[in-house]
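Reader: I should like to go through this model and ask on what grounds its features are named as they are. Please set out the reasoning step by step.

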Amino acid sequence: MGIVQAGIAMSLDGYVAGPHQSLDLPFGEGVDGRLHRWMFEQPEANQTELTALTSAGAYIMGRNMFGPGRDSWDESWQGWWGPNPPYHGPVFVLSHFARDPLPMEGGTTFFFVTEGIKAALEKARSASAGANVAISGGAQTLNQYLAAGLVDELTVSLVPITIGAGERLFTDVGSIECELMDTHSTGLVTHLKYKVLPRRVGTPAS
């Protein structure tokens, strides 16, 4: 069975998105693409990390990662990525509102899960055919999986900026210990790859 992995870009002050995310500002106010410059300006230097983002057998993401809405579905919305999303596999979207599966070009199909994070992980493991499962974001979703002790490897792409407000990584996750596995730096980002260690007996979750 594969592992559960996650990778996310984070500012020096711990934010992975700014406040007031919306259709026009998917990463929130004050971000302006600064968290992800390394993806577009230095793709060759960061190829290992870019490949890892879309190399899992199945993916899990939160409703906010899929789209800007919070209420019942506008079914004309099919994600931020256009007709051919980069995942090319099954993606399980956490939501409070049911929706039929959404097949896209290139082999991506979005499935909408209303039963919570453990149900989504069970479905993703089943669909991954023994390959890794990736938690694709956003912050609230990844924090829930970290709090539940369900992440095996975490790559934090630390970007040398501050944002000041917004969505933080490691909010309400309890006490977590990690072991550094690898590090890789360019001028725009430092990638820190960690093994997330099992919680010690008696260590509070969240």
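Author: The exchange below takes up burial, strand pairing, nonpolar cores, polar contacts and aromatic rings in turn. Please bear in mind that this is a predicted model.

Reader: Why is helix α5 called largely enclosed by the rest of the structure?

Author: Helix α5 spans residues 139-147, and seven of the nine are buried, so the helix is largely enclosed. The buried residues are Ala-139, Thr-141, Leu-142, Asn-143, Tyr-145, Leu-146 and Ala-147. After α5 comes Gly-149, with a positive phi near 70°.

Reader: What makes strand β4 a covered strand?

Author: In β4, residues 90-94, five of five residues are buried. Pro-90, Phe-92 and Leu-94 lie on one side, Val-91 and Val-93 on the other, and both faces are covered.

Reader: How do you know that β4 is paired with β3 and with β6?

Author: Two strands count as paired when at least two bridges are found between them. Strand β3 (residues 58-61) and β4 are joined by three bridges and run parallel; Tyr-59 has Val-91 as its bridge partner. Between β4 and β6 (residues 109-113) there are five bridges, again in the parallel sense, and Leu-94 is partnered with Val-113. Both pairs therefore meet the criterion of at least two bridges.

Reader: Which residues touch the most other members of the largest nonpolar core?

Author: That core has 28 residues, and those touching the most other members are Ile-60, Ile-135, Leu-142, Tyr-145, Val-151 and Leu-169. At least two core residues come from each of β1, β3, β4, α4, β7, α5 and β8. Leaving out residues up to four places away in sequence, Tyr-145 touches Ile-60, Leu-94, Ile-117, Ala-120, Leu-121, Ile-135, Leu-150 and Val-151. Another core, of 13 residues, lies apart from it and includes Ala-56, Phe-66, Val-91 and Phe-112.

Reader: Why is His-191 called buried?

Author: Buried means under 20% relative accessible area. His-191 has a value of 2%, so the residue is classed as buried. His-191 is placed in strand β11, residues 190-196.

Reader: What makes the approaches of Asn-46 and Ser-157 to His-191 polar contacts?

Author: The distance limit for such a contact is 3.5 Å. The side chains of His-191 and Asn-46 are joined at 2.7 Å, and those of His-191 and Ser-157 at 2.8 Å. Both distances therefore fall within the limit. Beyond four places in sequence, the contacts of His-191 also include Trp-38, Glu-49 and Asp-182.

Reader: Why is the pair of Phe-66 and Phe-110 called edge-to-face?

Author: Ring centres must lie within 6.5 Å, and planes over 60 degrees apart count as edge-to-face. Among ten aromatic pairs in the whole structure, Phe-66 and Phe-110 have centres 4.9 Å apart and planes at 70°, and the pair is therefore edge-to-face. Phe-66 belongs to helix α3 and Phe-110 to strand β6, 44 residues apart. Each is buried, Phe-66 at 0% relative accessible area and Phe-110 at 0% relative accessibility.

Reader: Why is Trp-80 called partly exposed?

Author: The class of partly exposed lies between the limits of 20% and 50%. Trp-80 is at 29% relative accessibility, so the residue counts as partly exposed.

Reader: How do you know that a charge sits over the ring of Tyr-15?

Author: The distance limit is 6 Å from the ring centre, and the charge must also lie within 35 degrees of the ring normal. The charged end of Arg-168 is 4.3 Å from the centre of the Tyr-15 ring and sits over that ring. Arg-63 likewise lies over the face of Trp-73, at 3.7 Å from the ring centre.

Key. Residues numbered from 1 in each chain as written. Predicted model: local features only at pLDDT ≥ 70, side-chain atom pairs only at ≥ 80, totals over all residues. Heavy atoms only, no water. Buried < 20%, exposed > 50% of the residue type's maximum accessible area, 1.4 Å probe, protein only. Helix = DSSP H or I, 4+ residues; strand = E, 2+ residues; numbered from the N terminus. Core = buried A, V, L, I, M, F, W, Y, C linked by side-chain atoms within 4.5 Å. Contact = heavy atoms within 4.5 Å. Polar contact = N/O pair within 3.5 Å; in protein donor to acceptor, adjacent residues only side chain to side chain. Phe/Tyr/Trp six-rings, centres within 6.5 Å; stacked < 30°, edge-to-face > 60°.
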